[in-house]
Amino acid sequence: MIRNDVPITPELVKEHGLKADEYERFLALIGREPTLTELGIVSAMWNEHCSYKSSRIHLRTLPTSAPWVIQGPGENAGVIDIGDGLACVFKMESHNHPSFIEPYQGAATGVGGILRDVFTMGARPIAALNSLRFGSPAHPKTRHLVAGVVAGIGGYGNSFGVPTVGGAVGFHERYDGNILVNAMAVGLARKDAIFYAAAAGVGNPIVYLGSKTGRDGIHGATMASAEFDDASAEKRPTVQVGDPFAEKLLLEACLELMKSGAVIAIQDMGAAGLTCSAVEMGAKGNLGVELDLDKVPTREEGMTAYEMMLSESQERMLMVLKPGMEAEAQDIFRKWGLDFAVIGKTTDTLRFVVKHRGEVVADLPIKELGDEAPVYDRPHLANTFQPVIPPESVAAPVSNAEALKRLAGSPDLCSKRWVWEQYDHLILGNTVQTPGGDAAIVRVEDGPKGLALTTDVTPRYCEADPVEGGRQAVAEAWRNITAVGGKPLAVTDNLNFASPERPEAMGQLVGCIRGIGEACRALDFPVVSGNVSLYNETNGRGILPTPTIGGVGVLDDTRRHATLAFKREGDAILLVGETRGWLGQSVYLRDICGREEGAPPPVDLEAERRNGDFVRHLIHSGLADTVHDCSDGGLGVALAEMAMAGGIGAVMPECPVALPCHAFLFGEDQGRYVIAVDPDAAPDILYSAASKGIPVAIIGMTGADSLTLPGEEAISVAELRQAHEAWLPEYMAAEPA
Amino acid sequence: MKAAIVVFPGSNRDRDAARALRLAGASVSSVWHSEHELPHGTDLVVLPGGFSYGDYLRCGAIAGRAAVMDAVRAHAAGGGLVLGICNGFQILCESGLLPGVLMRNANLRFICHWQHLLVERTDTAFTNRYQSGQAIQVCVAHGEGNYFADADTVRRLEAENRVAFRYCDPDGNITADANRNGSLNSIAGIYSEKLNVLGLMPHPENLVDPLVGGIDGRGMFESLTGSLAKAA
């Protein structure tokens, strides 16, 4: 029987984030009072962050397979087949709470963690993306958080040496006390050389690799699963510190070791560190694990078993090695200046046994800790709906051009150059589409194949109608990949929601997952990896529901791609898709009229697919090299962005449908693209579209250096660009109020 | 031409440099930082971009004292060609092969963007494929690229025409706006006295492909392979 020097009181159980019934379940499982180390282990494994206990039954409804899916959810990252013997490995993960408490390190270690997830599977990272949501620009902390998060993402990715090629930045007061930092990494591997977490073989050595273990980040996973209050900033010691240099060495050492054939299984130490990695390797392989903590390389003297098991020190890995290959593996790690220690072995007992200073400090059933953790079907309320707002009921601006200029220079729609210039987006020399486009394009090695990458979600739509918002997030990712000429293949989802213990917030999660599932099924766009971040609320007020979708598509020939910039004067501008002037939940309604209301635009998934396939075909057949999707801010903002990117204006003589002009310009109807083509090619395109039942209309022509909207004076592209580029640098340079 | 790329722990544009060199016809090998010798017959040593040893001390300070740098200094002393890009430029300054230092960018942030450079002279092994006064497009990606040297050193560099490149606008004008990191005299790169060592902050190795920003960087690598072909 193992000793316990610390009495386990109800307070102690509560401090570990375990509910009374969960603790009872644990007691029944082990048939005795746990040690403090065991309590720490179970609290880490059964918290929301590691166990997905509130979301799991709903996540199961998502489509996760397709002929090109090699590995769906459940591993370190998802894997898809991109042809020619190559696989794309990718995942997105949140680091929300740490980034609010310590923005630089929180964001940096978020990037570090997701990169590790990707190279753990044997893939060399070739691109990073992120999706950031901050509070209101007027909130006193926002500037500090933006500066720290952006510097942290850059600081880690730039040094590690991966191009950060895309992402999103948005502001909303509902993120005031709880920002979102979602980081995505994409890697490339040979399809026949993917590495997995499941341990295999009894008596095989378990090896610790990478940096030493310190006292940083203890209980980070538990913090990530708690609501915030005003005292949360005091949790700073639970934030880890990143070392991108160590991670770069770990990457090179791991890839070298994998080539040697010594690796049976590998798992990175992320949330809940050694505990989570060891339990997952054992549980997935149906094996027990025995660890000897005296062998763990530590940074500090006198660390307890509890501290070692819960430390979230960064840049560490756990591997199961082929017996007899320890020396070869050790040589590789020594060459890279990294720690290497055999700290345990696999067993056939299905027990997770931890020894420290000659004593057994934990002896727990491994399956129940890992893949058989508690699962809840939490009560959830049906979503409430907002009324549809007819376009005629929304006031027209004094001038559409003036409204457009204001939108182009608004916090959400302004240029994010200030952000992405701090990210090395050109390293590796394969960035065909840099940040600022619909989707990033990175060529695969020397080409011609390439990947199209994007992150998308419209939180205000999800708030107004979770199902429709979930559908829209997936559809927009699919559309952005299509707009550059990519064939959408699969997604990773990062579900950021408020407390699942509040039925209305749980209802939002359930609704969004349903919407995501519907869209992924309709578009053959399965979910292959993901992450759930719950309890995103401060003092009882939740964030906007934010299911970020990271999409990946493939271009068979990167030379046949499209960008949004107008390229020639005299091109015909075509609008693909149906426009009904949907102003409910539009940026126009919110930022120009001051009304954040109404039902969001519905997504017709069949039309989405039809329109997208049509546009992609135009790109591949060389008929269109200038394409932009219509999203926030509608057609007007899309035209402005195309003009600003190309330095070429456009004339739109009239609104071609019977709608108020501002509804035509700023409505956010879904499934639409703007393309600019040779006017001689336009008739054939219109004919072909008509034969497929796809609405396409010629709405104007490119030319000159200003944008002319129906019945209005021209606005110069330079003036639009000034407004578009100025907001963020000026905001960041200003002194806090 | 035989090029050796020195790989320090934390180098991360070594593969980019290798690709650009191979494209120009060079044979490329890599040299680990703890080596004491360069591969036999090395014509060109490249110190690539990255964050050597994490750059947790001054950028390039530890790498400037690495074992392999004695061999690099000997190679340079014998007239051999050395090219340091970005972190490589910082290492050249720290190792005593080039004068001056690279300070934090004027805005104190890392910056990555397309950039034009004015080619100051075209009679060196690194630039003979360019036109005099040509503005080439490259990219920058650095947090500490703000070139500084004392007044005497700068006077000497200018008097001896050892400034290799200056930040300029697309038309080749040297302007304050085009000099975003705040470098003295808009200096983006400099030569050693014998013109056989070049250090520059921007990345010509990332501009060798029409799909990825253009091919203005090729000129440097083709100059190098061409020069050595002629010499051989």
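User: I am new to this structure. What share of the 232 residues in chain B is buried?

Analyst: Welcome! Buried residues make up 57% of the 232 residues in chain B. Keep in mind that this is a predicted model. A residue counts as buried if 20 or more other C-beta atoms lie within 10 Å of its own.

User: What is chain B built from, in helices and strands?

Analyst: Chain B has five helices and eleven strands. Its C-alpha atoms fill a box of roughly 45 × 40 × 35 Å along the principal axes.

User: How does the radius of gyration of chain B relate to that of a compact globule?

Analyst: The idea is to take the chain length and ask what a compact globule would give. For 232 residues that is a radius of gyration near 17 Å, and chain B has 16 Å, so the two agree. Contacts add to the picture: among those in chain B between residues at least 6 apart in sequence, 76% join residues at least 24 apart.

User: And how does chain A read by the same steps?

Analyst: Let us go through them. Chain A comes to 25 helices and 28 strands. Its C-alpha trace spans about 85 × 50 × 45 Å along the principal axes. A compact globule of 737 residues would have a radius of gyration near 27 Å; chain A has 26 Å, which agrees. Buried residues make up 64% of its 737 residues. Of the contacts in chain A between residues at least 6 apart in sequence, 85% join residues at least 24 apart.

User: How many residues does each chain bring to the contact between them?

Analyst: Chain B brings 20 residues and chain A brings 24. On the side of chain B that touches chain A, the elements giving two or more residues are α1 (14–23), β6 (111–119) and β7 (135–142) of chain B. β6(B) gives the most, with three residues. Sorted by class, that side of chain B has nine nonpolar, six polar and five charged residues.

User: How do I read a sheet, and in what order do the six strands of the open sheet in chain A lie?

Analyst: Start with the order of the strands, then look at the edges and the pairing. Here the order is β1-β2-β3-β6-β4-β5 in chain A, with mixed pairing. The edge strands are β1 (69–71) and β5 (164–171) of chain A, each of which pairs on one side only. From one strand to the next, the twist averages 20°.

User: Which helix packs on that sheet?

Analyst: Helix α8 (residues 142–160) of chain A does, touching β4 (124–134), β5 and β6 of chain A. The direction of α8 makes about 175° with that of β4(A).

User: In what sense do β3 and β6 of chain A pair?

Analyst: β3 (residues 86–94) and β6 (residues 180–190) of chain A pair in the antiparallel sense over nine bridges. For one example, A:Phe90 has A:Val186 in β6(A) as its bridge partner.

User: How can I check the length of a helix such as α22 of chain A?

Analyst: Compare its expected span with the distance between its ends. At 1.5 Å a residue, the 13 residues of α22 (residues 634–646) of chain A should span 18 Å; the end C-alpha atoms are 19 Å apart, which agrees.

User: Is α22(A) mostly covered or mostly exposed?

Analyst: Mostly covered: twelve of its 13 residues are buried, including A:Leu635, A:Val637 and A:Glu641. After α22(A) comes A:Gly647, with a positive phi near 65°.

Notes
Residues numbered from 1 in each chain as written. Chains lettered and ligands numbered in written order. Predicted model: local features only at pLDDT ≥ 70, side-chain atom pairs only at ≥ 80, totals over all residues. Pairing = 2+ DSSP bridges. Helix = DSSP H or I, 4+ residues; strand = E, 2+ residues; numbered from the N terminus. Axes fitted to C-alpha atoms, helices over the stretch in contact; angles between N-to-C directions. Contact = placed C-beta atoms within 7 Å. Expected span 1.5 Å × (residues − 1). Rg over C-alpha atoms; globule rule 2.2 N^0.38 Å. Nonpolar A, V, L, I, M, F, W, Y, C, P; charged D, E, K, R; others polar.
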